[in-house]
Amino acid sequence: MRRRITLSLTGAAVLAASLAAVLPPAAQASPGLVAAMQRDLGLSAGQAQVRLRQELTASRQLPAARQAAGAAFGGAWFDPALGKLVVGVTDPAAADAVHRTGAETVPARVTAAALDAAKTAIDTAAKANRAPAEVSGWHADPRTGSVVVTLQPGAHGPAVDAFLARAREAGPVTVATGARPRTLSAGTVGGDPYYINGNTRCSIGFSVHGGFVSAGHCGSPGSSVVGWDNSAMGTFAGSSFPGNDYSYITIGNGWWTAPVVLGWGTVSDVIVRGSSVAPVGSSICRSGSTSHWHCGTVLGLNEAINYAQGAVYQATHTNACAEPGDSGGSFITGDQAQGVTSGGFGNCGSGGETWFQPVNEILQTYGLSLVTG
């Protein structure tokens with residue numbers, strides 16, 4: 001029933017063999033992914049392949065580096081210029097242990113634990129008293145040692161001042177300016193993936209055993225789903241929005257799952273092999289039923305975004321563009337699943353930014369496992 005899967009599993013094996021000399025087995029990259037990184041990140045094919053290998057190494061080093069830093073851990077990110085994981089440390093004595101994991105270190109003013117606690121306190125306050133509409137979102141930023149609160153241009157007034165005052169009580173705050181994100185579902189248009197109750201189009205995130213995962217704002221538990229060909233597909237078994245923005249759709253009626261992210265005929269499909277988390281600074285690409293393939297960089301983790309419908313927490317921020325109808329679609333780094341598209345601002349003509357809900361949180365919430373190749 002599924003279309004546009006242009007790379008068969010047999011073809012994937014051939015592709016894997018052809019790339020084995022360039023990348024280690026766990027970092028094989030499809031030509032489509034490399035081509036999208038060339039287009040959106042300004043890299044050559046060779047640079048894209050090297051960066052994917054470096055990013056996979058960084059994601060695998062991160063748990064050991066965090067443990068090595070211990071109480072001095074001040075956050076971590078991937079530095080494309082160095083091609084390495086960089087770890088902030090509040091105590092220079094922890095640097096040697098971190099270096100032994102292969103990561104670089106820089107001094108940090110505030111521990112990641114303290115920043116996360118400050119951000120959590122702001123989350124809690126916003127859940128009790130909804131954040132003003134002029135507040136676009138907030139996130140802990142280890143590189144500045146503060147919680148960054150993003151306001152819409154020209155935002156001011158008593159409600160905004162009160163929100164910032166409460167935020168500053170929780171910890172160090174930096175104020176930035178940015179557009180307000182919106183969710184990226186769309187009304188029915190011809191030709192592309194799944195439709196909810198006949199009038200909303202969203203995009204498939206990742207295949208899981210039993211169905212697929214997508215965005216929560218796309219549908220409610222019990223909502224029926226049809227596929228691109230208007231045949232019965234399945235039902236929302238679980239959905240959460242706002243607060244979270246994820247869902248699990250069970251499938252049947254002859255539909256099947258495959259361990260790929262679709263290229264929509266623009267690029268070759270990508271085989272999904274796992275879900276290791278990409279650090280801040282890593283390249284990332286996304287696929288959706290409106291704008292197809294686009295790439296960017298991970299800008300932040302564990303961010304709060306304030307939609308008109310309410311705040312969503314623990315989102316990952318990127319500068320990969322998206323458009324209405326892309327909601328729920330796949331974010332992937334190399335061959336590692338990252339998350340499902342939640343929302344953003346801008347478009348793929350003039351540029352924009354997006355947020356996604358991490359896939360590992362969705363898998364844990366619903367007790368699911370990815371279909372992998």
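The backbone oxygen of tyrosine 313 lies 3.0 Å from a polar atom of the glutamine 357 side chain. This is a predicted model, and that distance comes from its coordinates. A second contact involves the same glutamine: its side chain reaches the backbone nitrogen of aspartate 245 at 2.8 Å. Glutamine 357 belongs to strand β23, which covers residues 351-358.

Is glutamine 357 buried or exposed? Its relative accessible area is 0%. The cut-off for buried is under 20%, so glutamine 357 counts as buried. Its surroundings can be listed. Leaving out residues up to four places away in sequence, glutamine 357 touches Asn244, Asp245 and Tyr246. It also touches Val312, Tyr313, Gln314 and Ala315. Gln338, Gly339, Val340 and Ile362 complete the list.

Now turn to an open sheet. Three strands make it up, in the order β1-β2-β3, and the pairing is mixed. β1 (73-79) and β3 (104-107) are the edge strands. Each has a single partner strand, so one side of each lacks a neighbour in the sheet. On average, neighbouring strands here are turned by 25° against each other, direction ignored.

Take the two pairings in turn. β1 and β2 run antiparallel and are joined by five bridges. One residue pair shows this: aspartate 79 has lysine 84 in β2 as its bridge partner. The two strands form a hairpin, with four residues between them. In the turn, glycine 83 has a positive phi of about 70°. On the other side, β2 (residues 84-89) pairs with β3 in the parallel sense, over four bridges. Here valine 87 has threonine 105 in β3 as its bridge partner.

Why is β1 described as largely enclosed by the rest of the structure? Six of its seven residues are buried, so the description follows. An edge position leaves one side of β1 without a neighbour in the sheet, yet that concerns strand partners. Helix α3 (residues 45-69) lies across β1 and β2. The helix runs at about 170° to β1.

A last stop is arginine 168, in helix α6 (residues 158-170). Its relative accessible area is 49%, so arginine 168 is partly exposed. Apart from neighbours within four places in sequence, arginine 168 is in contact with Val173 and Val175. Serine 146 is 22 residues from arginine 168 along the chain, and their C-alpha atoms are separated by 9.9 Å.

Technical notes: Residues numbered from 1 in each chain as written. Predicted model: local features only at pLDDT ≥ 70, side-chain atom pairs only at ≥ 80, totals over all residues. Heavy atoms only, no water. Pairing = 2+ DSSP bridges. Axes fitted to C-alpha atoms, helices over the stretch in contact; angles between N-to-C directions. Contact = heavy atoms within 4.5 Å. Buried < 20%, exposed > 50% of the residue type's maximum accessible area, 1.4 Å probe, protein only. Polar contact = N/O pair within 3.5 Å; in protein donor to acceptor, adjacent residues only side chain to side chain.
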